[in-house]
Every structure is written in structure tokens, then in C-alpha cells.
Amino acid sequence: MEKILITGAAGFLGSRVVDFYRGNYEIYAPAHGELDITDAKAAVQVAGRFQPDIIIHCAAISDVGQCEREPEKSWDINVTGSINIAKAAKGISAACILCSSDQVYFGAGPARAHYGEEGLCPAHSHREEEELCPANVYGREKLKAEQECLEANPDCVLLRLSWMYDAKVRKPGEHGDLFRTLLPQIRDEGGISFPVHDRRGITDIAEVVKNLEKTFRLPGGVYNFGSPNQKDTYHTFQEVFSGAGIDVGRLQKNEEAFRTNPRNLAMSQEKINRHGIFFSSTIEGLSRNLSCALERGI
Ligand SMILES: NC(=O)c1ccc[n+]([C@@H]2O[C@H](COP(=O)([O-])OP(=O)(O)OC[C@H]3O[C@@H](n4cnc5c(N)ncnc54)[C@H](OP(=O)(O)O)[C@@H]3O)[C@@H](O)[C@H]2O)c1
């Protein structure tokens with residue numbers, strides 16, 4: 001049985017990776033207290049003791065706001081910690097899968113101030129090889145981590161994840177996600193507002209977890225890894241609500257958010273598709289999960 005070492009295993013993604021792969025792999029998932037990834041020696045020791053075939057690195061400061069407030073601490077964890085893991089993996093020739101983010105594309109053009117009546121955004125979906133200059137601390141940390149990890153260990157696989165949600169499972173103490181916010185809003189029957197000057201992929205975490213296994217043998221490099229989306233966020237939900245039979249009249253356009261600096265984080269899937277990895281579109285995934293949630297009675 002192959003062995004997997006998972007960092008950040010108490011977190012939103014890491015805990016689901018553990019749940020899904022337990023049984024088919026021998027898993028070691030040290031808690032933060034057992035392995036602090038900012039300690040390079042500890043990373044080498046833990047990896048050396050367990051001798052994993054694969055390391056999946058999910059530990060991070062994943063809160064964009066916290067990175068703005070605590071740039072030194074978050075740099076230590078998101079950049080230095082990731083480099084420590086990449087080096088530890090290299091030392092024992094383990095495959096190394098690291099989590100990056102679509103926020104590396106924040107600030108990269110061309111984003112459009114207006115996506116048209118249907119919300120269709122002709123601006124391109126970002127590709128892995130673009131030159132980037134992220135507009136927030138978290139995005140800069142993730143980009144730097146990608147570059148430094150590949151420098152230290154060219155076999156690293158860096159996955160640019162998009163905004164993830166879990167429509168079914170809620171674990172105590174974990175951070176919020178889209179469904180956690182959306183379902184009570186739908187139940188309350190008030191208005192629900194989404195930005196028009198924003199376009200991004202939104203991905204069912206179950207698809208991310210399931211597709212992870214296909215990344216274990218990928219050649220080193222950076223990969224966009226999430227659901228595509230052609231529409232701005234308001235029009236995305238217009239289609240999702242209409243498919244799920246929810247009154248679209250309750251949807252409101254948020255014209256203010258990102259008005260002066262429109263955001264486009266949407267990612268091209270061409271590279272992962274060439275490697276046989278596919279995700280549902282954002283609208284398909286959200287529609288399927290919302291319909292199920294409504295059937296279960298939210
Ligand atoms: N969630 C999303 O929608 C999303 C989107 C794009 C990319 N990502 C990326 O995907 C990865 C997983 O995200 P997530 O949402 O699962 O994050 P999360 O829920 O915030 O979990 C992060 C985990 O990292 C641990 N950790 C923090 N500092 C550590 C350290 N110094 N040493 C060891 N462990 C440490 C945390 O433990 P403590 O709580 O004990 O500190 C926590 O268990 C991250 O790289 C994130 O940036 C997430």
C-alpha cells in the first residue's frame with residue numbers, strides 16, 4: 001500500500017483528503033502541534049520517519065484577510081513552510097503535491113469592467129504560463145511559493161485551486177464556505193446579492209479531492225485545478241437559481257464590489273484536460289449540489 005503524508009489535515013481540504021483516501025493508502029496526517037511546517041528540520045524528520053510515497057501539502061494561512069493583516073506570519077507559513085515541505089519531499093524522492101490558489105491571477109489583465117447583459121465574459125480564462133503580479137498579499141505569497149518550490153524541487157506539482165465549497169458535510173470549527181453562507185440566505189427568503197464585476201471558478205471540494213489522485217504522477221509544474229466559469233458571479237447564480245427553481249427575482253446585482261478594479265480569476269482547463277483531469281463547470285456543480293440540498297430540505 002502506498003503511503004501519503006498530509007499536512008494541514010485538520011483543515012477544510014486536508015481533512016476531506018484524509019477521509020477520502022484512508023483505506024486505499026496508508027495515511028499519516030500530523031496535526032499542527034506534531035509538525036510545524038515552518039520548522040525545516042522537523043519537516044525533514046517527519047518525512048524521513050514515515051517515508052511517504054506522496055506528500056499532499058494543505059497546511060496554510062488560507063484566509064486572504066489574515067494574510068493582509070499578518071504578512072510576516074503568513075509569509076512564514078505560506079512561502080517558507082511550503083519550501084520546507086518541497087525540500088523534505090525531494091530528500092526522500094516522494095511525489096509532492098502543493099496547494100496554490102487562483103488568487104495568483106488577481107490583478108492580471110485583461111479583466112473587463114462590464115461583462116455584458118448575459119454576464120458572459122469574453123475576457124480570457126487564465127493560463128498557467130502567464131506573467132503574473134498578484135494584487136494581494138495572499139496571491140503574492142502563493143506565487144512566490146510556487147516559484148521557490150519548483151526551484152528547490154522541480155518535480156513539485158502545484159495546484160491552483162479555486163474557491164471551494166462543501167454542499168454536504170460540515171465539520172465543527174472550520175472556516176465558512178459558500179454553501180454555509182448561501183443556504184441560510186435561501187431559507188430566509190430575503191434578497192441575495194452577488195457581484196457583477198467579478199468572475200471566478202467555484203468548485204465542489206468533492207471533485208477536487210477525487211481528482212487529486214490523478215495528480216500524483218503528473219510532471220512537475222503549475223496546474224489550474226478547479227471548475228471553469230464563463231460568467232460573472234451574479235449571472236452564474238442567476239442560472240443556478242433558475243435551474244434549481246429558486247425565484248431569481250431575489251437576486252440583486254452588487255455593482256459596487258470590484259467596480260474600480262474588476263476581478264477575473266477564471267482559469268483555463270486546457271492543461272489539466274490534456275492530462276485526463278476534468279471538472280464540472282461552476283454552474284453544473286452548483287446547480288447539482290443546490291438541487292440536492294433543496295431535495296434534502298435545507
Ligand atoms: N478553501 C478554499 O476555498 C481555497 C481556495 C484556494 C486555495 N486554497 C488553498 O488550499 C489549501 C487548503 O486550504 P483550506 O481551506 O483547507 O485551509 P484551512 O482550512 O485554513 O486549513 C489550513 C490548515 O493548515 C494548518 N496550519 C497552519 N499553519 C500551520 C503550520 N505552521 N504548520 C502546520 N500546519 C499549519 C492549520 O492548522 P491550525 O488551524 O491548527 O493552525 C489548518 O489545519 C491552502 O493552501 C489554501 O491556501 C483554499
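Which polar side-chain atom lies 2.9 Å from an oxygen atom of the ligand? Select histidine 32, whose side chain supplies that polar atom; a polar contact here is a pair of N or O atoms within 3.5 Å. This is a predicted model, in which local features need pLDDT of at least 70 and side-chain atom pairs count only at pLDDT 80 or more, while totals for chains, interfaces and linings use all residues. Residues are numbered from 1 along each chain as its sequence is written, and side-chain values use heavy atoms, with hydrogens and water left out.

Move next to the backbone at glycine 11, where a polar atom is 3.3 Å from an oxygen atom of the ligand, and then to isoleucine 37, where a backbone N or O atom lies 3.1 Å from a ligand nitrogen. The protein buries 82% of the 900 Å² that the ligand exposes when taken alone (accessible areas by the Shrake-Rupley method with a 1.4 Å probe).

Now show the shell of 24 residues around the ligand, of which Leu13, Ser62, Tyr138, Lys142 and His175 come nearest (a residue is near if one of its heavy atoms lies within 4 Å). Colour β4 (95–101), one of the elements that each supply at least two shell residues; with three residues, β4 gives the most. Helices (H or I, at least four residues) and strands (E, at least two) are DSSP runs, numbered from the N terminus.

Finally, select tyrosine 21 and phenylalanine 216. Tyrosine 21 lies in helix α1 and phenylalanine 216 in the loop between α7 (205–212) and β10 (221–225), so their aromatic pair ties together parts that are 195 residues apart in sequence. The pair is tilted, at 6.1 Å centre to centre and 50° between the planes (rings pair if their centres lie within 6.5 Å; planes under 30 degrees apart count as stacked, over 60 as edge-to-face and the rest as tilted).

Note on methods
Polar contact = N/O pair within 3.5 Å; in protein donor to acceptor, adjacent residues only side chain to side chain. Phe/Tyr/Trp six-rings, centres within 6.5 Å; stacked < 30°, edge-to-face > 60°.
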